[in-house]
Amino acid sequence: MSDVGADLAGSGRGSAPDVAARRRKMSIQLRQARRSLSEPDAVPSHSAAMVRLFAEINRSASPMLGIIALGVCATALAWVDAGPLMTWITFIACAIAIGYALPIAFLDSSEKEKTAGAWRRKFVLSTTLCGSAWAYLIVALLQSRDPNAQAFAIVVMLLVSTVMSLLAAAIPAAFVAGMLPMIIGVIILYAPRLQGAALPTAALAVGVIGYFLVVARRLHAAAAQNISFQAEKDSLIAELEQAKLNSDEARRRAESANLAKSRFLATMSHELRTPLNAVLGFSEVMKAELFGPHTASVYKEYSTDIHASGQHLLMLINEILDLSRVEAGRYELKEEPVPLTGVVEECLRLLSMRIERRHLAITEALERDLPRIWADERAVRQVTLNLLTNAIKFTPQGGSIVIKVGWTRTGGQYLSIRDTGPGIPPEEIPIVLSSFGRGALAQKNAEEGTGLGLPIVKGLVELHGGEFRLNSTLRFGTEVIVIFPPERVMDALPALDPDTTAEPAERRRRRSRRGRDPVRAA
């Protein structure tokens with residue numbers, strides 16, 4: 001009993017520390033994900049995600065932006081003097097360096113959520129610096145009277161607008177701040193002379209900037225939607241993880257409770273059988289009046305009732321013990337070659353009296369030449385007896401039972417018992433297969449039972465690696481099929497050839513004679 005008490009005490013303990021820490025972490029993530037979904041504009045995590053997206057894009061794209069600046073510089077040498085061009089190179093290099101260093105510093109920061117607003121302002125200022133550098137070069141190219149220089153300035157403006165619309169899509173204010181210096185430069189340059197060739201150039205410049213402003217807004221909307229989807233996915237993952245942790249904990253507790261229950265029942269069954277044997281023995285002595293007749297005849301009836309009740313209780317305890325051993329994994333199979341057909345015939349002989357009392361017609365379809373199966377004979381006999389007892393119990397008088405034993409398609413062996421009883425409704429089959437479960441029709445039309453027969457049969461069959469099937473149709477009867485796998489079927493060894501065994505036998509006789517000869521032995 002001490003083992004059972006320890007099991008019960010252990011089953012009530014909490015989960016391991018790492019599991020508890022994981023549950024707390026998942027709860028925090030779940031709350032944060034739900035807050036980000038319910039208040040996407042008010043919670044800092046949403047804006048921080050946009051700032052993080054801006055930083056990741058600019059950190060990866062800044063080196064490529066430097067390469068573009070070098071190419072533009074090499075081309076602009078044809079129209080811009082060396083002095084202004086060197087100033088622009090220094091200006092754009094500083095802007096690109098700042099635009100590369102700030103994202104790295106932000107991504108390495110440990111408090112991104114709390115400082116997201118300050119970093120947003122820094123990114124807007126760095127983008128303004130980069131836009132001012134590009135505006136300086138564009139204005140320098142537009143001031144040239146060479147049409148090729150002006151065309152190249154429009155190309156640079158298109159290129160810069162495209163790049164900035166992609167890099168600053170996460171923060172629309174940064175895109176506006178980066179394009180604003182170019183807009184101001186174009187307005188200052190073309191405001192005094194909006195006629196002739198300058199008019200279409202100015203209109204094209206303003207139109208390009210306006211178009212990419214719309215593109216940037218749409219990219220920002222797409223980025224915000226992606227972040228919302230990501231938050232929703234994180235929330236779903238967190239909820240699934242939380243549900244998995246809860247289910248694992250519940251399953252662990254259920255398994256612990258079931259194991260403790262099985263061990264408790266097994267222990268109690270052993271404890272109850274000892275005094276019950278004494279009750280059965282003494283009641284049988286009193287019933288048989290071995291030490292003389294009773295003075296009152298009612299005592300003999302009482303002793304008979306005591307003995308019958310004790311036998312019923314012993315049967316119940318044995319069934320509980322068997323089921324507890326199966327569920328606790330302590331049922332040890334004593335495997336040996338077992339003839340399935342022979343076991344079925346033996347069980348039929350044991351139950352022949354009950355079959356005759358109920359006037360049941362038994363139809364046997366047993367294959368006689370089946371090889372033996374490697375199984376526990378006691379378990380196979382118990383399976384057969386339980387199934388036959390159920391069939392006899394639930395079949396009305398004058399009914400029929402069909403018993404089949406044969407081969408399966410895969411090379412295994414099967415036992416099938418079909419009766420003409422009341423049948424089982426489909427919704428009650430799980431109840432019948434559960435411990436102490438009995439169907440409604442069975443309670444009305446059959447003898448009292450414990451509801452442990454089929455669970456024991458199912459457990460014993462599964463211990464052999466077999467398959468248990470229950471097919472029932474209401475008002476037409478029930479068929480139970482037990483299938484033993486092909487691995488359990490023993491192949492018969494081929495007969496030995498006399499020609500091949502004669503020579504080894506002769507050699508053995510010669511060696512035995514040599515061993516008995518004292519001369520040869522010496």
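Glu289 sits in the loop between H8 and helix H9 (297-328), and that makes a handy place to start a walk through this predicted model. Glu289 is not a glycine, yet its phi is positive, at about 55 degrees. Most residues other than glycine have a negative phi. With a relative accessible area of 26%, Glu289 comes out as partly exposed.

His359 tells a similar story in another loop, the one between helix H11 (352-357) and strand E2 (361-366). His359 isn't a glycine either, and its phi is again positive, at about 55 degrees. Is His359 buried or exposed? At 57% relative accessibility it counts as exposed, because the cut-off for that label is over 50%. There is also a glycine to mention here: Gly465, which follows H15, has a positive phi near 75 degrees.

**The chain as a whole**

Stepping back, the chain has 17 helices and seven strands. It runs to 522 residues, and 38% of them are buried. The accessible surface comes to about 29,800 Å², with carbon and sulfur atoms accounting for 59% of that. As for how the chain meets itself, take the contacts between residues at least 6 apart in sequence: 74% of these join residues at least 24 apart.

**Two cores**

The largest nonpolar core has 55 residues, and the ones with the most contacts inside it are Trp88, Phe123 and Trp134. Which elements give two or more residues to this core? They are helix H3 (44-76), helix H4 (82-108), helix H5 (116-142), helix H6 (147-167), helix H7 (172-190) and helix H8 (198-288). There's a second, separate core too, with 44 residues, including Ile429, Phe468, Leu470 and Val480.

Trp134 is worth a closer look. Leaving aside residues up to four places away in sequence, Trp134 touches Leu65, Ala69, Val72, Trp88, Ile92, Val156, Val160 and Met164.

**Aromatic pairs**

How many aromatic pairs turn up in a search of the whole structure? The search finds six. Here are two of them, side by side.

| Pair | Centre to centre | Angle between planes | Geometry |
|---|---|---|---|
| Trp88 and Trp134 | 5.4 Å | 65 degrees | edge-to-face |
| Phe106 and Trp119 | 5.7 Å | 65 degrees | edge-to-face |

The tryptophan pair links distant parts of the chain, with Trp88 in helix H4 and Trp134 in helix H5, 46 residues apart. Trp88 and Trp134 are both buried. In the other pair, Phe106 belongs to helix H4 and Trp119 to helix H5, so this pair ties together parts that are 13 residues apart in sequence. Phe106 and Trp119 are both buried as well. That second pair also belongs to a bigger group, as Phe54, Phe106, Trp119 and Phe123 form one aromatic cluster. Phe123 has come up before, as one of the residues with the most contacts inside the largest nonpolar core.

Trp119 has a charged companion. Lys122 lies over the face of Trp119, at 4.3 Å from the ring centre. Lys122 is in helix H5, and with 38% relative accessibility it counts as partly exposed. Lys122 and Ala174 are 52 residues apart in sequence, while their C-alpha atoms are 9.6 Å apart in space.

**Cysteines**

What about disulfides? A search of the whole structure finds zero. Cys130 is buried, with a relative accessible area of 10%. Cys347 is buried too, and its relative accessible area is 0%.

**A mostly covered helix**

To finish, back to H15, the helix just ahead of Gly465. Helix H15 (residues 453-463) is mostly covered, with eight of its 11 residues buried. Which residues of H15 are the buried ones? They are Gly453, Leu454, Pro455, Ile456, Val457, Gly459, Leu460 and Val461.

Methods:
Residues numbered from 1 in each chain as written. Predicted model: local features only at pLDDT ≥ 70, side-chain atom pairs only at ≥ 80, totals over all residues. Heavy atoms only, no water. Helix = DSSP H or I, 4+ residues; strand = E, 2+ residues; numbered from the N terminus. Buried < 20%, exposed > 50% of the residue type's maximum accessible area, 1.4 Å probe, protein only. Contact = heavy atoms within 4.5 Å. Areas by Shrake-Rupley, 256 points an atom, 1.4 Å probe, with all protein chains shown as cover. Core = buried A, V, L, I, M, F, W, Y, C linked by side-chain atoms within 4.5 Å. Disulfide = S-S within 2.5 Å. Phe/Tyr/Trp six-rings, centres within 6.5 Å; stacked < 30°, edge-to-face > 60°. Lys NZ or Arg CZ within 6 Å of the ring centre and 35° of its normal.
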